[in-house]
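Biologist: I'd like a close look at one part of this model, taken slowly and with the surroundings included. Could you walk me through it?

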Amino acid sequence: MSKRRHLERGVGVVILGMAAGAGVMLWFGLALSDPATRTPPQEGALFGVWRVLYDTQAPTVPLILVAVAIAVLLALGVATIERRIATRYRRSEDVVGTPLAPKPVMARTAGVYHGPVTVTVLIPAHNEGDRIAATLDSLADQEEGPDRVIVVADNCTDDTEAIAHEHGAEVVRSVGNSDKKAGALNQALARLLPDLRENDCVMVMDADTVLDQGYLTTVRRRMADDRALMAIGGLFYGEEGGGVLGQLQRNEYTRYSREIRRRRGRLYVLTGTASVFRSAALREVAAQRGHGLPGRTGDVYDTAALTEDNELTLALKSLGALMVSPQQCSVVTEVMPTLKALWAQRLRWQRGALENLGAYGVTPQTLRYWAQQLGIGYGVVALTAYFVLIVTMVLALDEPVVFPFWVTIGAVFVGERVVTAWSGGWRARLLAVLLLPELLYASFLNLVYVRGVYDILTGRRAQWQHVVTSADGRVSVRDGGRV
């Protein structure tokens, strides 16, 4: 087994340990309650009409304090560490270890005019004939359009290439590529990057993504105003359609974008939906591959990574790069129309995130991502415990009992769900108020998380799966080979 596979399994062990630790903390908190002091439920009338049994007792003060302390300490710890790391790399003058940090970049480019900011768009496409026209139209409709649009046709057997030509895009075919999207992009970038100057930027976007107006205008302005800025990521929203499942995904994306805005553009990942890179940053990544970074020397993207966008984000952060996601840079992306398609997508995302952590290990740049995995693991334990306790209570009681304390907590939680999804419109708010669909959706994502950890622990090789929509609208998930 390769060293990389051993590292990946190590990630599974660590994540399992963190989840177990979360369970122990939860159990410790529950142990602080004293069942012996409880009194029987009382009888009352709700609004003077319905007879109900209610229990006014709340969890003990120590239990509440433990729960609040765990949440506050974890959030405060992660925020403090992230701020210190960000400040450290903004001030770094290490041209060897962090060549893309602001100070080395500013020193290298001081007093030199590198010309106006240009944007070359690369669109990797494998049989995207049903969607790529809308993507190309959104580029053409930009106030300040791209300087060049290249569709990287990767083993296409449909009319993707013909549609791209009709919309004025250049078409470059991958040659002998078996490394999926990352391999196709590497081939295109190997030809493109040597001729690009400091202010020439490369935008990589999916063939199922539509840019909102003003995206490229903001990119040009931000790149021109800040020579130290190495990459700009997009805030993504889900396309219309897909029924309740589609709305659940849109709610999720709306909350993610809201969180990034609240973080003032400090991103978690340069999403593959649409991100822009300064050419010098991509060249530096390619040069560092096989040395300070995972992958083959000369490749911009690590072809062994399932989630190439997340991996490239870690690579750039490891080199000290400054990156942002401005509010004006928003895109609309595809939502998965079926549970099977969603499972395939999210399992790849989750498995890829774990493998990326295995490849990079525990470093200052990855601490935030390890903390995210801890949070997910704790959420799995907590939500599972919640459902188990609810079922146990229902089976144990002869008739329903209202718990005012937990009703209040539930109302606060519903309020949070509604507020964070508010900008998504009335459908988003209605789904948030109902709560149960979102709890079931969260449980589904928890199952994906558990499966991802299980697969990496057992050494199961990852499957790259491709979601295909036929002419009659039917959706299928096809095996795209092993990674």
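Biologist: Where is the place of Ala321?

Modeller: Happy to. First, the ground rules: this is a predicted model, so local features need pLDDT of at least 70 and side-chain atom pairs count only at pLDDT 80 or more, while totals for chains, interfaces and linings use all residues. Residues are numbered from 1 along each chain as its sequence is written, and side-chain values use heavy atoms, leaving out hydrogens and water.

Ala321 sits in the loop between α10 and β11, the latter covering 322–324. Helices here are DSSP runs of H or I with at least four residues, strands are runs of E with at least two, and both are numbered from the N terminus. With a relative accessibility of 12%, Ala321 counts as buried, because that word covers values under 20%, with exposed meaning over 50% and partly exposed in between (1.4 Å probe, protein chains only). The loop also brings together remote pieces of sequence: Ala321 and Ala101 are separated by 220 residues along the chain, yet their C-alpha atoms are 5.1 Å apart.

Now step back into α10, which spans 308–318. This helix contributes three residues to the lining of the largest cavity, the most that any element gives. Cavities and pockets are found on a 1 Å grid over the protein atoms alone: in a cavity a 1.4 Å probe fits but cannot get out, a pocket is an open set with protein on both sides within 12 Å along at least five of seven lines, and lining residues have an atom within 4 Å of a point. By this rule there is one cavity of 30 Å³ or more, and the largest holds about 60 Å³; points are joined across faces, edges and corners, and volume is the space filled by probe spheres set on them. At least two lining residues come from each of α6 (180–192), β10 (274–278) and α10. The residues around this cavity include Lys181, Leu185, Ser275, Phe277, Glu308, Asp309 and Leu312.

Two names in that lining deserve a second look, Lys181 and Glu308. They form a salt bridge, with their closest N and O atoms 3.2 Å apart; the criterion is a side-chain nitrogen of Lys or Arg within 4 Å of a carboxyl oxygen of Asp or Glu. The contact connects distant parts of the chain, since Lys181 belongs to helix α6 and Glu308 to helix α10, 127 residues apart. Both partners are buried. Next to Lys181 in numbering comes Lys180, which lies in helix α6 as well. Lys180 has a positive phi of about 60° although it is not a glycine, and at 27% relative accessibility it is partly exposed. As background, most residues other than glycine have a negative phi. Arg264 shows a positive phi of about 60° too, again without being a glycine; Arg264 is in the loop between α8 and β10 and is exposed, with a relative accessible area of 79%.

On the other side of Ala321 comes β11, which takes part in a bigger opening. The second largest pocket has a volume of about 670 Å³. It is lined by 28 residues, and those closest to its centre are Glu82, Ile85, Ala86, Arg266 and Lys317. Elements supplying at least two lining residues each are α2, β11 and α12 (367–396). The largest share comes from α2, with nine residues.

For context on charge pairing, the structure holds 18 salt bridges in total. One of them joins Arg346 to Glu252, with the closest N and O atoms 2.9 Å apart. Arg346 is in helix α11 (residues 339–360) and Glu252 in helix α8 (residues 243–262), so this pair ties together parts 94 residues apart in sequence. Arg346 counts as buried at 5% relative accessibility, whereas Glu252 is partly exposed at 25%. A more local pair is Arg351 with Glu355, whose side chains meet at 2.8 Å, N to O. These two are four residues apart in helix α11, so about one helical turn separates them. Arg351 is buried at 4% relative accessibility, and Glu355 is buried with a relative accessible area of 4%. Elsewhere, salt bridges with shared partners join Arg131, Glu239 and Glu334 into one network.

Back at your starting point, then: Ala321 is a buried residue in the loop between α10 and β11. On the α10 side is the helix that gives the most to the largest cavity's lining, and on the β11 side is a strand that helps line the second largest pocket.
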